[in-house]
Amino acid sequence: MGIETSVANKKEKEFCELEKAKNPILDPYPNPKANTNSKGKKGRRRHLKKAAVVSPVQKLYDTCKEVFKDRRPGIVPHPDSIDKLRAVLDDIKPEDVGLSPEMPYFRSPAAGRTPAIRYLHLHECDKFSIGIFCFPPSGVIPLHNHPGMTVFSKLLFGTLHIKSYDWVVDGPCNVSAVANPSDVKQSEIQQPPVQLAKVKINSNFTAPCNPTILYPAEGGNMHRFTAVTACAVLDVLGPPYSDAEGRHCTYYYDFPFGNFSVDGVSVPEEERESYAWLQDKGKQPEEFAVVGELYGGTWCFFTLQLLYIKG
């Protein structure tokens, strides 16, 4: 899904090492030299058996670290790696990340107020990011893109409507279009150029369901999420957004194909609903409200502890 708030913890690597040192469950392969006497060997083997059971969140982190270790923008992970990460996401349940629909994050807003979406930050580095979007009913993440990214989205609970697009290959790119007065008022159309896109997904998803995966050039790289009920979405981006590296998040208007006329572009009448013109909004929509918060699981405790120690 892929919109991230500025909650990224810059000391992530440090606190991960601290966490593993203080919690052996998160480091399933401790130093075997730590106990060199013969009596300790059996105890060490028992310890290793216990420590081999890692939490679902730690397993997700370890898998992402492996899948995205050599990834670069626009380069899709190997199909075997995609299947491995998808399988890990398949196994994650709301209780594994400490969420339930009864939590305050998921309450309906007061009448007339825009539903605020919470983003729980778990991890971010230059290779990938992990976070959870918490939607109250009717919450919306507007149509946006994921430049050069592979994105995994796992619906943890609730019902979510997804509408996504891919650019039409060899289609007109950022062309000037003429609004058709019979379909739309001229005043409703702004002047920036438009680009032709094809609908990839336009459906409701209800948990439990398979994770959705989008790629740099296919799979619905531009998408909009609308909460039909309260819901939570676990998001993995590889690589994450980065203004410094040119991976900006762009928001779009989408107009029905019939709203515009472009010289040399035509679509059969029966297929027009499968196409749309997308237009860059130029900035993040004012009605889009996201509140960034730290993940409330084990990692959050160690993050706060590290920040306290570092002063």
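**Strand 10 and its sheet**

Me: Which residue of strand 10 is the bridge partner of F157?
Reply: In this predicted model, F157 is bridged to A232 of strand 10.

Me: And which residue of strand 10 partners C134?
Reply: The bridge partner of C134 is A232 as well.

Me: How many bridges join strand 4 to strand 10, and how do the two run?
Reply: Strand 4 (residues 150-157) and strand 10 (residues 231-238) run antiparallel and are joined by seven bridges. Within this pairing, V151 has L237 of strand 10 as its bridge partner.

Me: What about strand 2 and strand 10, parallel or antiparallel?
Reply: Strand 2 (residues 129-135) pairs with strand 10 in the antiparallel sense, over seven bridges.

Me: Where does strand 10 sit in the sheet order?
Reply: The order is 8-4-10-2-1-14, which places strand 10 between strand 4 and strand 2. The sheet is open, has six strands and shows mixed pairing.

Me: Which are the edge strands, then?
Reply: Strand 8 (212-214) and strand 14 (290-294) each pair on one side only. From one strand to the next, the twist averages 25°.

Me: Changing topic: is strand 10 mostly covered or exposed?
Reply: Strand 10 is mostly covered, with eight of its eight residues buried.

Me: Which side chains point which way?
Reply: C231, V233, D235 and L237 point one way from strand 10, whereas A232, L234, V236 and G238 point the other way. Such alternation between the two faces of the sheet is what a regular strand shows.

Me: Which strands does helix 4 lie across?
Reply: Helix 4 (residues 79-91) lies across strand 4, strand 8 and strand 10, and runs at about 20° to strand 4.

Notes. Residues are numbered from 1 along each chain as its sequence is written. This is a predicted model: local features need pLDDT of at least 70, side-chain atom pairs count only at pLDDT 80 or more; totals for chains, interfaces and linings use all residues. Side-chain values use heavy atoms; hydrogens and water are left out. Two strands pair if DSSP finds at least two bridges between them. Helices (H or I, at least four residues) and strands (E, at least two) are DSSP runs, numbered from the N terminus. Axes are lines fitted to C-alpha atoms, for helices over the stretch in contact, and angles run from 0 to 180 degrees between N-to-C directions. Contact means heavy atoms within 4.5 Å. Buried means under 20% relative accessible area, exposed over 50%, partly exposed in between (1.4 Å probe, protein chains only).
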